[in-house]
Amino acid sequence: MTFWNDRVLPVLIEKACRSHEILDERRRYVPRASGEVIELGVGSGLNLALYDPARVTRVTGIDPSQPLLDRAAHRAATSPVPVSLVKGGAERMPFDAGRFDSAVVTFTLCSIDDVTAALAELRRVLRVGRRCTSWSTGSRRLRRRSGGSAR
Ligand SMILES: C[S@@+](CC[C@H](N)C(=O)[O-])C[C@H]1O[C@@H](n2cnc3c(N)ncnc32)[C@H](O)[C@@H]1O
């Protein structure tokens, strides 16, 4: 536990992920998730207000950072959909194979040490043919990849 990791870094990460451009992209794509949703690297929960309660059964957010999960817990309390928060890394997730219908991954892949392992694990926990929506940042523009089947 350090002051930087527990107090400063969570605030910086949240600020960096809240620009108008990024919020517009979140509003456009997060409501497309449906059923049981896994959110990799849920962070402070900036997507949690944007899920469509008519489409989503539950969002399960996983993240290794307890300070960010603590922030996400506040947003989970007012989310329009039920939310479960799990502390852990995407490379090894404590979920059964084929448990989820959709995956949302925003600005997280660049933070994961072993992306290959995380994507293999994501493939395992998603049902066949289900949706994965992922965005990453690159240069000044937002790069977006959406849709396609997980398997
Ligand atoms: C830039 S933040 C994005 C947070 C959130 N997805 C968003 O859009 O606001 C990157 C997130 O990835 C998380 N992260 C880092 N390593 C991870 C791992 N191995 N598995 C899952 N999440 C990880 C960080 O804790 C952080 O919450």
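In strand β3, V86 is the bridge partner of I62, and this contact belongs to a parallel pairing in which β2 and strand β3 (residues 83-87) are joined over 5 bridges. The model is a predicted one, and the protein in it contains 4 helices and 6 strands, whose order from the N terminus on is α-α-β-β-α-β-β-α-β-β. Of the 151 residues of the protein, 33% count as buried.

**Strand pairing**

- I62 has a part in a second pairing as well, since L40 stands opposite I62 in β2, and the strands β1 and β2 pair in the parallel sense over 6 bridges.
- Strand β1, which covers residues 35-40, also pairs with β4, again in the parallel sense, and there the pairing runs over 3 bridges.
- Within the pairing of β1 with β4, the residue that V37 faces is S102, which lies in β4.

**Burial of the strands**

- Strand β2 (residues 56-63) is largely enclosed by the rest of the structure, because 6 of its 8 residues are buried.
- Strand β4, made up of residues 100-106, is mostly covered, with 7 of its 7 residues counted as buried.

**The loop after β4**

- F107 is placed in the loop between β4 and α4, the latter being residues 115-125.
- Most residues other than glycine have a negative phi.
- F107, although it is not a glycine, has a positive phi of about 55°.
- Is F107 buried or exposed? F107 is buried, because 20 other C-beta atoms lie within 10 Å, and the cut-off for that class is 20 or more.

**Surroundings of the ligand**

- The shell around the ligand consists of 19 residues, of which G41, G43, G89, A90 and T106 come nearest.
- By class, this shell around the ligand is made up of 10 nonpolar residues, 7 polar residues and 2 charged residues.

**Helix packing**

- Two packed helices are described by the angle between their axes together with the distance between those axes.
- For helix α1 (residues 3-16) and helix α3 (residues 66-76), the axes come within 9 Å and cross at roughly 55°.
- That angle makes α1 oblique to α3, because it falls neither under 35 degrees, where helices would count as roughly parallel, nor in the range of 65 to 115, where they would count as roughly perpendicular.
- As for its hand, the crossing of α1 and α3 is right-handed.

**Helix residues and their spatial partners**

- A73 is found in helix α3, and it counts as partly exposed because it has 15 C-beta neighbours inside 10 Å, a number that lies between the limit of 12 or fewer for exposed residues and that of 20 or more for buried ones.
- The C-alpha atoms of A73 and L85 are separated by 7.4 Å, while the two residues stand 12 residues apart along the chain.
- Y29 belongs to helix α2, which comprises residues 20-29, and Y29 is partly exposed, with 19 other C-beta atoms within 10 Å.
- How far apart in space are Y29 and L50, C-alpha to C-alpha? The separation of Y29 and L50 in space is 9.0 Å, whereas in sequence these residues are 21 residues apart.

How values were computed
Residues are numbered from 1 along each chain as its sequence is written. This is a predicted model: local features need pLDDT of at least 70, side-chain atom pairs count only at pLDDT 80 or more; totals for chains, interfaces and linings use all residues. Helices (H or I, at least four residues) and strands (E, at least two) are DSSP runs, numbered from the N terminus. Two strands pair if DSSP finds at least two bridges between them. A residue is near a molecule or strand if its C-beta atom, placed from the backbone, lies within 6 Å of it. Ala, Val, Leu, Ile, Met, Phe, Trp, Tyr, Cys and Pro count as nonpolar, Asp, Glu, Lys and Arg as charged, and the others, Gly among them, as polar. Axes are lines fitted to C-alpha atoms, for helices over the stretch in contact, and angles run from 0 to 180 degrees between N-to-C directions. Angles under 35 degrees count as roughly parallel, over 145 as roughly antiparallel, 65 to 115 as roughly perpendicular and the rest as oblique. A crossing is left-handed if the near helix is turned anticlockwise from the far one by less than a right angle, and right-handed if clockwise.
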